[in-house]
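Reader: I'm new to looking at protein structures and would love a close look at one part. Could you walk me through the nonpolar core and what surrounds it?

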Amino acid sequence: MSMLANQLSFSYGDKNILKNLDFKFSASEIVGIIGPNGAGKSTIIKLLSKVLKPSYGFVSIDGNNISEMSRMDLAKQVAVVAQSAELPESFRVEEIVLMGRSPHIGFFSSEREKDYRIVEEVMQRTDVFKFRTRRIATLSGGERQRVVLARALAQEPKYLLLDEPTNHLDLNYSIDLLRFLKQEAQNGLAVLIILHDLNLASRVCDRILVVEDGQLVGQGKTEEVISELLIKNVFRTDVKIIWDNENKISAIVPSI
Amino acid sequence: MSEFKPKPAANSLRFMAIIFLALALIVVLIIATGIGSVAIPPGQVVAAVWHGISNNLVAVNDIIIWKIRLPRALLAALVGSLLSISGLAYQGIFRNPLADPYLLGVASGASFGAAFAIAFLPSIPLVASLGLPIISFLFSLLAVFLVVIFAFSNNKIPIINLILAGVVVGSSFSAGTSFIMITAKDRAVNILAWLLGSFSLSSWAKLASVLPFYIIVLVLLMLSARALNLLQLGEEQAMQLGLPVSSFKAVIIVLATLATAAAVSVSGIIGFVGLMVPHAARLAFGPDHRVLIPVSALLGAIFLVLADLLARTIISPEEIPIGIITALVGGPFFLYLLKKAEL
């Protein structure tokens, strides 16, 4: 069960944003996307969620080209947590999370018992149940992020795409989120996550995709891809990598 | 097994409110049709309606109610309701509380058509029949068509283009209307009266011409209520939740615009209703379109029936154009909104 990008390319006018990306990610793994700002990382997620159409290449899920799928069918499998997901201020938390059931309910039917059950369960898991009747306007940035996560999980996706979800979160919430994702991946979820923080990426991701200037310049297991040399080439800075006993990256230390 | 459901108490409260508004509308209609140069008590109003339905008009009051006042009140209710739900649809699609159904040139096109018909085709008894509405409807369609053509760019229609094209087409048609008024000076007052809105020449025929548009738009919007909610997340998130955003927007805008053109063609330009009523509904009932649509429909109907009542009684036997009444209410309403937002 995997999501695959084949020669995925995207141009805007004559500006080439992404060139010939080939990658895939599957159930029960967390794949991270790292790279400098402006490298085109967010565009990847937009292409995978059919917000944008590729200029060349395609995206497929289990062999099915997503361009031939309806948005609704795609939304039953793929959910997105965007970094700046703006939410309308006057809706209540539970109403927003319930919107995540739309792909399964359709637009002309009503919510059923099952939908309310799933929404409740998902709100408990993301710890937003306690303020489910509050309006979005009264929530902090971190709390809103968790609401968006709850909504995404309410879609019961097989593939979860996250675009820098830890940007507005305090450290404890960031760590909570990543631990949560690790748990979900163990339960079968396929996770693709854009992360800014290389330390967090190296701790939580099984595999890493390195995107620079619209191209994939590195792909593979975290320990094999992240190296002092790569970081020097892609991010143009010197770091020291500390390894732990199990040959996993313990820390990426900048030289300040 | 938990009992969680989104606030069932609030849901039934909203339902009660809608029932209340529906009853209020019926009461308002009965009272409004009873008021006029001949005061007719509610009991006789109901009797007159019954006689009219069973094709058994006997008393003078029956005729006053059935031929004159009832179609007028019903048309006011229909137009008020239609403008309100169209306004709601526009605000939902454009995600802007200042969007109104005249954004795409409907009003200016209709005005030009009406001015043209009144000034240059008076020999045919157009005004009381459907001739004038048809011409004004066609011109409003032309205006919207031009707006869409001008706004087209790169196989897409960006919102900013739509708005700018609306301004361009709108001001051109307005200029045309003014020109006609200056040229056909003797008809200028008639044209102006039409422009400011009036239900004085209501008829069952006019009612029947607008009703199909209304029903289609109302049913479509009720079906689209959850999708409209989803759209408030922004287009990107709505797409990611399964909504075919572009086609959805196109269908809603086209139908709301057509319905607005139909309403304007029989009543003239009645401003503020499409802007105020959805706002008021939102302030009182929150952002859920499943509630907003019926509430706006009922509130708009009640509002315009009352406004029309005022329009024809305040300086009786003269009438104030109803557009003036709605503007007089609209100003303070927006002032109130402004003050509220500052808090």
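Author: Here is a walk through the core, starting with chain A and ending with a single loop residue. Keep in mind that the model is predicted.

Let's start with chain A as a whole. Its secondary structure adds up to 10 helices and 12 strands. The radius of gyration is 19 Å, close to the 18 Å that the globule rule gives for 256 residues, so chain A is as compact as a globular protein of that length. Its C-alpha trace spans about 55 × 40 × 30 Å along the principal axes. Of those 256 residues, 41% count as buried. And if you take the contacts in chain A with a separation of 6 or more, 65% of them are between residues 24 or more positions apart.

Chain A is divided into two pieces: domain 1 (1–77 + 159–219) and domain 2 (85–156). Notice that domain 1 is written as two stretches of sequence. Taken over C-alpha atoms, the centres of the two domains of chain A are 23 Å apart. Where they touch, 9 residues of domain 1 of chain A are in contact with 7 residues of domain 2 of chain A. On the domain 1 side, that comes to 6 nonpolar, 1 polar and 2 charged residues.

Now for the core you asked about. The largest nonpolar core has 178 residues, and those with the most contacts inside it are V97(A), V191(A), A77(B), L82(B) and V305(B). Helix α3 (residues 60–94) of chain B gives the most to this core, with 17 residues. Domain 1 and domain 2 of chain A both give residues to this core too, so it lies between them.

Zoom in on L82(B) for a moment. Leaving out residues up to four places away in sequence, L82(B) touches V210(B), Y214(B), V217(B), A259(B) and A263(B).

What about the place where the two chains meet? There, 24 residues of chain B are in contact with 25 residues of chain A. On chain B, α9 (225–231) and α10 (235–240) each supply at least two residues of the side that touches chain A. That side of chain B divides into 11 nonpolar, 8 polar and 5 charged residues.

Finally, here's a loop residue to set beside the core. D127(A) sits in the loop between α5 (113–125) and α6 (141–154) of chain A. Is D127(A) partly exposed or buried? It has 15 C-beta neighbours inside 10 Å, so D127(A) counts as partly exposed. D127(A) and R146(A) are 19 residues apart in sequence, and their C-alpha atoms are 7.7 Å apart in space.

Key: Residues numbered from 1 in each chain as written. Chains lettered and ligands numbered in written order. Predicted model: local features only at pLDDT ≥ 70, side-chain atom pairs only at ≥ 80, totals over all residues. Helix = DSSP H or I, 4+ residues; strand = E, 2+ residues; numbered from the N terminus. Rg over C-alpha atoms; globule rule 2.2 N^0.38 Å. Buried ≥ 20, exposed ≤ 12 C-beta atoms within 10 Å, placed from the backbone. Contact = placed C-beta atoms within 7 Å. Nonpolar A, V, L, I, M, F, W, Y, C, P; charged D, E, K, R; others polar. Core = buried A, V, L, I, M, F, W, Y, C linked by C-beta atoms within 7 Å. Domains from an automatic or database assignment.
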